[in-house]
Amino acid sequence: MSVSEKGALAAGTSLQGGRYVVEWVLGQGGFGITYLCQHTGLGKQVAIKEFFFAQFCERQGDTSHVTVPTAGNRELVEKFRRKFVKEARLIAGKLSQAPSVVNVSDVFDENGTSYYVMDYIEGRSLAEVLKKRGRLGEAEAIGIIEQVGKALAYVHSCGINHLDIKPANIMMSRATGRAVLIDFGVAKQYDATTGEATTTTPVGRTPGYAPLEQYSLSGVSSFTPQSDIYALGATLYKLVTGDTPPEATAMPKDAVLPYPDDISAPVRRAITAAMQSHKEDRPARVEDFLQLLHSQPKPKPSPKPKPDDDTTDIDDKPEVIVVDTEPKPVSDSETEPPRRKWMPWVVGAAVAVVAFVAVMLIPRTDPDYVLNNPQEMVYVEGGTFTMGATSGLGSSSDEKPAHSVTLDGYYIGKYEVTQKLWKAVMGSNPSDFKGDNLPVENVSWDDVQEFLRKLNAITGKNYRLPTEAEWEFAARGGNSSRGYKYSGSDNIDDVAWYIYNSGSCTHAVGTKSPNELGIYDMSGNVEEWCLDWYGSYSSSPQRNPKGPNSGSDRVYRGGSWFYYDGSCLVSNRSGYASDYCRKDIGFSLAL
């Protein structure tokens, strides 16, 4: 066999005694080469990353063996090879359950170097997507950043910083439509747990994405989650503008980046907050950054007039002037001060107006509407099904392992909860898109609990959120399931409002086709909160599971109007803090 000009293994090269066969090179960097390989035992394609320090490594003659010709460099190369292996084991271990993080399935030594085997993500990097399409729409960009942010939050919870977030390290899976975070090599260069100082090798400093502290050699203590948050904000800037941000060392303090006119204020504020020069000024957590993407600024109080202003102070009480249209006879008393007999009437009217305004500001519920318009519920007969990433569905690690679940019968809402019902119960409407028959959104899990408490007090029933297992069983069609990928069809446009057909907004419930049980919008329109804490699956069979006993996030399901088709798969799952709300998250009732 021969070796390619760049030192990569040639197509047809066997690894691990023929278990893996190289097909071609997917990518090559300063510390490694990534190959597309055939897993001969499983008959599927995988990606294999080889440690190859381009600055010092060579192939020995026409063989596959890797050597370091200069003896003085061997210790340094071996140091980084150990880091490479540690990276692989870390991803295979701590990060194996991380959402939207590439899965590592094997690590081995061969040819005088090391390799690790990853799931092959068929698709394109965000860098390739941008090169072909130009800048993305805001809703699409936010959806991608939220998927990456969720992965990054999990990575941070494991005590790890990625330190090389950029479009080239985010893959868009063709199979699921989801964004997947790859390449943790740089993170290991700065792993504080090793106690090793950083080297002078300029890794993790991609211009435009690396924060100022990554240009310093002060050691690993200078890197925190805020370093990744800077890069995440820079990546969002690239997605919505098509332009790479200025390098951190060249960006003046308090610089204002240019934006196209159609970029919303929340997105601009979030990027500005994330890309502050001093890391202490950035959001402390990824979740805080994501929250900014949907937040509205608090109105500023009106400034109090200065003494020399030609305005009336709020404490002044101007005289009320009443114009009398009735002609009066002229009399000697005309020059006397008028008797203000009308003043009690004016005061009484003012009190009445204030009282009326106060009443109008009190949220007004409509219990009669709730009682006279009972919710349409669909009975889901009990049964047993396989929950999780079954054949043809998602491959995200948090959907694995697929496992058997048995449920007793229950009721679930035929439609997502509408704004009309929410207003009737709560007396207010938090939704971003307004309309009685639109699904309520911009409600947190905690908000939903208060709604349920009031709804049950009015109806005398015991409505609740569905458990995650109940939600998935119903979405799959229960005992009538035909094995569809989405809730009711393999053609997503038949059953779901999602990023490519929604027009960047919600739609009236029940306007797409229902699933096998007659339930609407379980794929798309708005994501739906579930009862459970968000956590890892167990491989053991379960009966009426309710998820982990505790956690930091609550589950939501189903995809929405601004997510890709992969997020609308019946197995897809994610979670957010119970106080988190967004303009594409709503819910359905269970009973």
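**Entry 1: D106 and R19**

I looked up D106 in this predicted model. D106 has a relative accessibility of 16%, so it counts as buried, the cut-off being under 20%. Its side chain meets that of R19 in a salt bridge, 3.6 Å from N to O. I then checked where the two sit: D106 is in strand β7, and R19 is in the loop between β1 and β2, 87 residues away along the chain. R19 has a relative accessible area of 40%, so I put it down as partly exposed. I noted the general point that side chains of opposite charge can pair when their charged atoms come close.

**Entry 2: the sheet**

Next I traced the sheet. It is open, has six strands in the order β1-β2-β3-β4-β8-β7, and pairs antiparallel. At the edges are β1 (14-15) and β7 (104-110), each of which pairs on one side only. Helix α1 (residues 71-92) packs on this sheet and touches β4, β7 and β8. I found an angle of about 25° between the direction of α1 and that of β8. At the other edge, two bridges hold β1 to strand β2 (residues 20-28), in the antiparallel sense. S14 stands opposite V21 there.

**Entry 3: strand β4**

Is β4 mostly buried or exposed? I found six of its eight residues (44-51) buried, so the strand is largely enclosed by the rest of the structure. I looked at both of its partners. Strand β3 (residues 32-39) runs antiparallel to β4 and is joined to it by eight bridges. One pair I picked out is I33 with E50 in β4. The hairpin of β3 and β4 has four residues between the strands, and G43 there takes a positive phi near 65°. Strand β8 (residues 113-119) is also antiparallel to β4, with five bridges. In that pairing, K49 has Y116 of β8 as its bridge partner.

**Entry 4: helix α12 and its charges**

I moved on to helix α12 (residues 468-475). Eight of its eight residues are buried, so the helix is largely enclosed by the rest of the structure. Among them are W471, F473 and the charged residue E472. After the helix comes G477, with a positive phi near 100°.

What does E472 pair with? I found a salt bridge to R557, with the closest N and O atoms 2.5 Å apart. R557 is in strand β18 (residues 554-557) and E472 is in α12, so the pair ties together parts 85 residues apart in sequence. The relative accessible area of R557 is 0%, so R557 is buried. E472 is also at 0% and counts as buried. The two belong to a network of salt bridges that links E468, E472, R476, R557 and R573.

**Entry 5: a pair within one helix**

The total I noted for the model is 24 salt bridges. One of another kind of placement is K454 with E450, at 3.8 Å from N to O. Both are in helix α11 (residues 445-459), four residues apart, or about one turn of the helix. K454 is partly exposed at 28%, and E450 is partly exposed at 30%.

**Entry 6: K166 and L591**

K166 is in the loop between α3 (138-157) and β10 (170-173). Its relative accessibility is 18%, so I counted K166 as buried. Apart from neighbours within four places in sequence, K166 is in contact with T206, Y209 and T235.

Last, I looked at the surface. Y379, Y411 and L591 make a nonpolar patch of about 280 Å². L591 is in the segment after β20 (585-586) and is partly exposed, at 31%.

Technical notes. Residues are numbered from 1 along each chain as its sequence is written. This is a predicted model: local features need pLDDT of at least 70, side-chain atom pairs count only at pLDDT 80 or more; totals for chains, interfaces and linings use all residues. Side-chain values use heavy atoms; hydrogens and water are left out. Patches are made of residues with over 30% relative accessible area and no salt bridge: like charges are joined within 9 Å, nonpolar side chains (Val, Leu, Ile, Met, Phe, Trp, Tyr) within 5 Å. Accessible areas come from the Shrake-Rupley method with a 1.4 Å probe; for residues, only the protein chains shown count as cover. A salt bridge is a side-chain nitrogen of Lys or Arg within 4 Å of a carboxyl oxygen of Asp or Glu. Buried means under 20% relative accessible area, exposed over 50%, partly exposed in between (1.4 Å probe, protein chains only). Two strands pair if DSSP finds at least two bridges between them. Contact means heavy atoms within 4.5 Å. Axes are lines fitted to C-alpha atoms, for helices over the stretch in contact, and angles run from 0 to 180 degrees between N-to-C directions.
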